[in-house]
Amino acid sequence: MIRRLARTAAALAAASLSLTACGGGTDDSGAAKPAAHPVFSEPIDRQVFLALRHTQKAGSAELRQTVTFTSRQGEAVQTLTGRVDFTGSRGEAASSWRVPRQFPEDARATILGSLPGRTTGDTSSRYTVDTQTIHYRPASAGYWLRYSGDIKPLWGVDSISHLRGSEAAVGGTLLEALGTAEATAQSGTAGRSYTATFPLAAAMNLFPYDLRKEFVPRPLNHTVRTPPIPVTVDVDADGRITRARADLSALLSKEKDSALAEVTALHAELTLGGFGASKPTAAATPAEHTLDAGTAVVATYDAKSGDCMDFNTGLRQHRLVTRVPCTGAYDGKVQGQHKLAGDWPGTGSAMDRAKRACADVAGDRSWYTWSTEREWTDKGEGRATCYTVTRD
């Protein structure tokens with residue numbers, strides 16, 4: 001009987017302790033202790049990571065990010081605005097660039113990407129993303145391009161998949177790096193402001209693949225020591241990230257022949273708000289006219305004589321175009337194609353042969369392309385594509 005009473009008393013005591021822990025407990029004066037905060041009560045080096053997870057639990061958020069490339073000739077600024085549905089794993093965004101005329105030309109072409117018949121790519125676009133599909137709308141087009149599944153446009157070159165993120169549906173934002181951030185200091189009472197760092201390799205996730213090649217020219221892996229990226233992160237009282245500012249200048253190559261050699265600084269700033277607002281969720285599929293990129297987007301050597309084409313595919317590749325009907329507006333038209341026999345002669349000779357083959361397409365707005373070494377080798381011959389540019 002005594003043992004049974006002892007066991008009962010012990011069980012009641014354990015239950016009492018459990019209830020006290022769940023309610024926050026009491027201090028020495030008997031006053032109730034505040035409940036543990038899901039972010040601020042944890043070790044400081046984990047709090048930014050936990051704030052990211054708590055932000056995602058909000059369900060949805062509006063975002064705005066600026067990325068600024070600074071040179072002595074001015075600043076090139078990308079502004080990204082949109083909305084993400086964390087719960088539904090989808091989002092929508094609009095991107096625009098402001099680049100001053102005097103900005104270094106090599107850096108401009110690298111930042112905006114190159115297109116056929118133009119020196120640089122478009123300065124604005126729209127897109128929607130989900131786990132399976134990216135819908136991309138070029139600035140000058142009256143249609144969307146639908147990229148589904150694995151994107152394999154040109155032998156592994158893919159500069160559109162970064163638009164889909166892993167931490168949020170809309171990629172290319174600082175959210176992709178904050179999951180690896182470790183705070184070293186904090187300030188504030190209701191909310192918090194953190195001084196933190198994240199690995200340089202994580203910063204690459206903000207940029208398309210072709211642009212990443214212009215950054216630090218060494219492999220980024222666990223055996224290579226690289227400087228961390230400094231970042232400050234603001235978190236509200238509920239534990240949600242509201243702002244992040246990172247100095248990405250460590251990404252810039254010091255090589256004199258780098259296309260970004262004249263860029264002296266690189267910064268990104270992200271703001272989040274409108275958490276869980278009862279607005280329509282981000283669109284998964286645009287209502288306007290859509291083309292299947294799997295069939296509409298082709299390399300210029302696959303375009304046929306008489307084809308009409310648009311130059312902006314979203315893939316930032318000057319060898320890729322979108323075939324469109326000739327009944328509407330279009331960027332260019334294929335005037336002819338010519339076979340180039342023999343083995344691969346080298347880039348210089350291939351260019352000269354294509355120039356001669358397309359000599360009959362006259363005018364200031366005439367252009368030509370030629371097969372790459374791999375295309376030439378795979379097909380057993382080269383091909384010169386002659387076309388004219390019909391609109392800027």
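A search of the whole structure, which is a predicted model, finds 12 salt bridges. Three of them are set out below.

| Salt bridge | Closest N and O atoms |
|---|---|
| E62 and R83 | 3.7 Å |
| D85 and R90 | 3.6 Å |
| E375 and R319 | 3.0 Å |

The pair E375 and R319 links distant parts of the chain. E375 belongs to helix α9 (residues 373-379), while R319 sits in the loop between β14 (308-310) and β15 (320-324), 56 residues apart. Both E375 and R319 are buried. Elsewhere, D236, D238 and R240 are joined into one network by salt bridges that share partners.

The other two pairs in the table each combine a buried and a partly exposed residue. R83 counts as buried because its relative accessibility is 8%, under the 20% limit. E62, at a relative accessible area of 30%, is partly exposed. In the second pair, D85 is buried with a relative accessible area of 9%, whereas R90 is partly exposed at 24%.

E62 lies in strand β1 and R83 in strand β2, 21 residues apart. Strand β1 (residues 60-71) is mostly covered, with 10 of its 12 residues buried. It pairs with strand β2 (residues 74-85) in the antiparallel sense over 12 bridges, and a hairpin of two residues joins β1 to β2. Within this pairing, R64 has T81 in β2 as its bridge partner. Strand β1 also runs antiparallel to β11, to which 10 bridges join it; here S71 is partnered by V263.

Strand β11 (residues 263-273) also gives the most to the largest nonpolar core, with five residues. That core has 80 residues, and those with the most contacts inside it are F69, F198, F207 and L248. F198, for its part, touches residues including L174, A177, P228, I229, V231 and L248. In soluble globular proteins, nonpolar side chains tend to be buried together.

Helix α3 (residues 105-112) has A107, R108, T110, I111 and L112 as its buried residues. These pack against β1, β2, β3 (90-98), α6 (209-212) and β11. Just after α3, G113 takes a positive phi of about 85 degrees.

A last detail concerns the loop between β10 (241-247) and β11, where S253 lies. S253 is buried, with a relative accessible area of 11%. A polar atom of the S253 side chain lies 3.1 Å from the backbone nitrogen of E255.

Technical notes: Residues numbered from 1 in each chain as written. Predicted model: local features only at pLDDT ≥ 70, side-chain atom pairs only at ≥ 80, totals over all residues. Heavy atoms only, no water. Core = buried A, V, L, I, M, F, W, Y, C linked by side-chain atoms within 4.5 Å. Buried < 20%, exposed > 50% of the residue type's maximum accessible area, 1.4 Å probe, protein only. Helix = DSSP H or I, 4+ residues; strand = E, 2+ residues; numbered from the N terminus. Contact = heavy atoms within 4.5 Å. Polar contact = N/O pair within 3.5 Å; in protein donor to acceptor, adjacent residues only side chain to side chain. Pairing = 2+ DSSP bridges. Salt bridge = Lys/Arg side-chain N within 4 Å of Asp/Glu carboxyl O. Lists of a residue's contacts leave out its neighbours within four places in sequence.
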